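Open your viewer, load the chain and keep the selection tool at hand. We will go stop by stop through this one.

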Amino acid sequence: DLYQYVSSGLQRAVSTTAGKTDDGGKGGGGDDSSQIRSNFKDTAFFATVRTGADGAASTKVKLPDDITNFRITALGVSDDLYAGELCKPITLTKPFFIDVTANEQYALSDKPNVRIRAFGEQAKQKTPVTYTISSKTLNIQPTEMKSTVGESVEFSLPPLSIGDHEIVVSAQMGELKDAVMKKITVVESFMQFPQTSHRMVQTGF
């Protein structure tokens, strides 16, 4: 059929930036180099909170590990149905951080590369950076790669195996450090086939 739908075959699109965060919000995400960043949820928190008699309320939120801008949106409704809202940006950043580009899913036959770059307010261009990549489930022993801030490096993953895997990438620039864990899933194939089955309707079905 000349007019039938044809898939583009695109499984996932990813874009990355240097993470500029000059927007007036207060930065978070200090320089705790012992922590591996692994929580990259798009929605950090969603809940209903009851205010006190003065109309004030507070809650504690553990923010994801992204280096990005989040938007805090609060909606309030009173007992007599007066309503209001507040929207404010909040910036999560570090003086030195790495950006690791990898898909969430791969086919078993893929031969992917992981792309790594370093940025940060204290990361000046051309400053030497040492990266280390490892994965227990993919049998990647800690492997060092050297580059500079602003320049990307690529690491070719070994032959994949079906299942869930964790890849840890750490980096050091002088006394500053950062580490990221990327989780990937390997499937046998992305090929899909339509299937139709017919059954006789019976009592108790």
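Start by selecting β10 and β11: these strands pair in the antiparallel sense over eleven bridges. To find one of the matching positions, pick Val169, whose bridge partner in β11 is Val180. Bear in mind as you look that this is a predicted model.

Now widen the selection to the sheet around that pair. It is an open sheet of five strands in the order β5-β11-β10-β7-β8, with mixed pairing. β5 (105–107) and β8 stand at the edges with a single partner strand each, so one side of each has no neighbour in the sheet. From one strand to the next, the twist averages 25 degrees.

Next, show side chains for the largest nonpolar core, which has 28 residues. Among those with the most contacts inside it are Phe96, Ile98, Tyr131 and Leu157. Elements giving two or more residues to this core include β4 (97–101), β6 (113–119) and β9 (153–156).

Zoom in on Ile98. Which residues does Ile98 touch, not counting those up to four places away in sequence? Among them are Arg37, Tyr131, Asp178 and both Val169 and Val180, the bridge partners from your opening stop.

For a separate hairpin, select β2 (residues 68–77) and β3 (residues 83–92), antiparallel strands joined by ten bridges. Leu75 has Glu85 as its bridge partner in β3. Five residues lie between the strands, and Leu81 takes a positive phi near 70 degrees in this hairpin.

Finally, colour by pLDDT. The protein's mean is 82, and 83% of its residues reach 70 or more. Over residues 15–33 the value is below 50, and this stretch has 35 contacts in the model beyond near neighbours in sequence.

Terms used
Residues numbered from 1 in each chain as written. Predicted model: local features only at pLDDT ≥ 70, side-chain atom pairs only at ≥ 80, totals over all residues. Heavy atoms only, no water. Pairing = 2+ DSSP bridges. Helix = DSSP H or I, 4+ residues; strand = E, 2+ residues; numbered from the N terminus. Core = buried A, V, L, I, M, F, W, Y, C linked by side-chain atoms within 4.5 Å. Buried < 20%, exposed > 50% of the residue type's maximum accessible area, 1.4 Å probe, protein only. Contact = heavy atoms within 4.5 Å. pLDDT = per-residue confidence, 0-100. Axes fitted to C-alpha atoms, helices over the stretch in contact; angles between N-to-C directions.
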